[in-house]
Amino acid sequence: MATWNGDQVAPLFGYLGAAAALVFSCFGAAYGTAKSGVGIASMGVMRPELVMKSIVPVVMAGVLGIYGLIIAVIISTNINQTADKAYYFFDGYAHFAAGLACGLAGLGAGMAIGIVGDAGVRANAQQPKLFVGVILILIFAEALALYGLIVGIILASKAGTAAPIRCSGSVLAVVVELWRRVKLEFTIELPLLRARWKQVLFGALFQYVHGIFTQLAHRMHQPQEQPLGDIGFRFLPELGLQNAWVSESIFWCLFIPFVLWTFSPFVTARKRFYTAVLYARLLMVLVTCQILRIISFTVTQLPAPNYHCRLGKDTAVREMPQHWWGHVVVDVGRQATHGCGDLIFSSHTTFVLSGALTYTEYGETLIVKVISWIAVSIMGLCIIASRKHYSVDVVVAFYTVPLVFYTMHRRWTTKRPVQEDWPHRPLAGEEEVELAGMDLEMGDDSTPKMDVSKQPLLPPLLPVVQQGRTSASHSRSSSRSHVDLSKMGGPGMPSMPSGAAAAAAEEAAQRASGANGGASSGVRQPRPRSIAVMTQGAPAEAYEQRDDSPPHDGRTSGSSGIPAVPSKQRIT
């Protein structure tokens, strides 16, 4: 048996090129033949004498398959396992490009021949003078496939004329590495999906609930002959029914790349998010926005401005069903293309805004972010110009969706300690108010000095040594902030040296005690958000355990028998 000479994976691209040339060309030939044949058959009923004269489009469509056959034969004969000449990646790429050039050109030419042939033979039956013009149009359409054939022959002839390409790894190795990465990503994503499957399932099922309510809004719709007054209708040009596809095209050009990007961690080396977590969050944002949208268009029915929703159109009103299950069955096709009544706020804008905000937070390419926001803005203007929505529908979506998104995004990404008095008014300076962050400096007399410029806007909790016990207070009047810490240190606990900071803190503690009506120090009060109690004479090892009640099990700091006090104790 003869051994293969060259790259073993290279023939894959060569055979793919041969198949593409033949298959795509035959697709074009089949479409051109079928489309033209329908026109010829329809015309032949009234003018049977013109059938043979009108057979030209069918012949020209059939030639397209011959073009693909020629390229496929040229490519397949050059891939010979028993030949002495090697077959490398360069040859495979050249044959693959040749097949695509010929096949796709034949597909486009076949579509043009079919459409022109169908309309041309019908027109020729009514006006014979159009025959020459129709033939010229068909010739130029056929020339498109001829261009692909010429380029395909040139590209196929390039095979075997260059030195072999020495790649660092074969295509098989790339595929194996990609499959390994996908499997590894699945092992990471599956536990995350199991933890969030309820959110994902609820978000997916709610799209069906949203469809039920949009169908109900269509049944409740009260059409008018003319839409309501709108400033967007006044200043934006009306696109009309013929150009209504513009906004839809922009929507799908944004939606499809976004969906592909959400699965990019499975194939890319860099990972900025988890797909399961991203979809759980995104679906919750969409559900919240859709709930607000359902409430908006259900309580008030506005006359839809779209052309198929105006008075006198068959699609403007839908009858109420006779039974309850008529509401459960959703006509997805009709609601997607001819829905009415679900106006405030725009559903298309809601989807693309959610995607743009998600990419803004988790994406990394600045130019893509800028382009996506420009495209979203253009799509909103096109929706108004197409009379699919009023301007208020798009404007409300532009400020509702970001508010919902960032409200929920802050909840997902902010660490919140457990609270006894939730909700609360947070400290200015937030997450942790610690004495260590207030920059206590030792003066000449070994007295701590506090840098006042680094204090938070609201006064923090300070340790106060008062009558042999450590206490902390806060000036918020909305909560009982006097916290007794006598159990932590005991009567023998070392006290903080006197100074300006201790005097100010003691005065604040007295004011808080007076505001609480002389609360007893033995009563445990609700604790504020976060307190950092720093004491003197603490052991070297830091006690970092986060506990609701500090330990006081009799542990001592030395031979003196004084209970050990942590150097940094958090009470949450």
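Tyr93 is partly exposed in the predicted model, with a relative accessible area of 36%. This value lies between the limits of 20% and 50% that bound the partly exposed class, and Tyr93 is therefore assigned neither to the buried nor to the exposed residues. The ring of Tyr93 takes part in one of the aromatic pairs, of which a search of the whole structure finds 17. Its partner is Phe13, and the arrangement of the two rings is edge-to-face, with a centre-to-centre distance of 5.0 Å and an angle of 80 degrees between the planes. The pair links distant parts of the chain, since Phe13 belongs to helix 1 (residues 10-44) and Tyr93 to helix 3 (residues 89-126), with the two positions 80 residues apart. In contrast to the partly exposed Tyr93, Phe13 is buried, its relative accessible area being 17%. A further group of aromatic residues, comprising Phe258, Trp261, Phe273, Tyr359 and Tyr362, forms one cluster.

At the level of the whole protein, 15 helices and 7 strands are assigned. The chain has 572 residues, 38% of which count as buried. Among contacts with a sequence separation of 6 or more, 81% are made by residues 24 or more positions apart. The exposed area of the protein amounts to about 31400 Å², and 65% of this area is supplied by carbon and sulfur atoms.

A buried polar residue is provided by Thr275, found in helix 8 (residues 275-299). The relative accessible area of Thr275 is 5%; because the buried class comprises values under 20%, Thr275 falls within it. The side chain of Thr275 reaches the backbone oxygen of Thr262 at a distance of 2.8 Å. Thr262 also appears among the residues touched by Thr275, together with Glu189, Phe263, Pro265 and Phe266, when residues up to four places away in sequence are not counted.

On the surface, a nonpolar patch is formed by Leu366, Ile367, Val368, Val370, Ile371, Ile374 and Ile378. Together, these residues present about 630 Å² of accessible area. One of them, Leu366, lies in helix 12, which spans residues 366-385. The relative accessibility of Leu366 is 63%, and this residue counts as exposed because its value is over 50%. Leu366 in helix 12 is thus exposed, whereas Thr275 in helix 8 is buried.

How values were computed. Residues are numbered from 1 along each chain as its sequence is written. This is a predicted model: local features need pLDDT of at least 70, side-chain atom pairs count only at pLDDT 80 or more; totals for chains, interfaces and linings use all residues. Side-chain values use heavy atoms; hydrogens and water are left out. Patches are made of residues with over 30% relative accessible area and no salt bridge: like charges are joined within 9 Å, nonpolar side chains (Val, Leu, Ile, Met, Phe, Trp, Tyr) within 5 Å. Accessible areas come from the Shrake-Rupley method with a 1.4 Å probe; for residues, only the protein chains shown count as cover. A salt bridge is a side-chain nitrogen of Lys or Arg within 4 Å of a carboxyl oxygen of Asp or Glu. Helices (H or I, at least four residues) and strands (E, at least two) are DSSP runs, numbered from the N terminus. Buried means under 20% relative accessible area, exposed over 50%, partly exposed in between (1.4 Å probe, protein chains only). Contact means heavy atoms within 4.5 Å. A polar contact is a pair of N or O atoms within 3.5 Å; within protein, one must be able to donate a hydrogen and the other to accept it, and residues adjacent in sequence count only if both atoms are side-chain atoms. Rings of Phe, Tyr and Trp (its six-membered ring) pair if their centres lie within 6.5 Å; planes under 30 degrees apart count as stacked, over 60 as edge-to-face and the rest as tilted.
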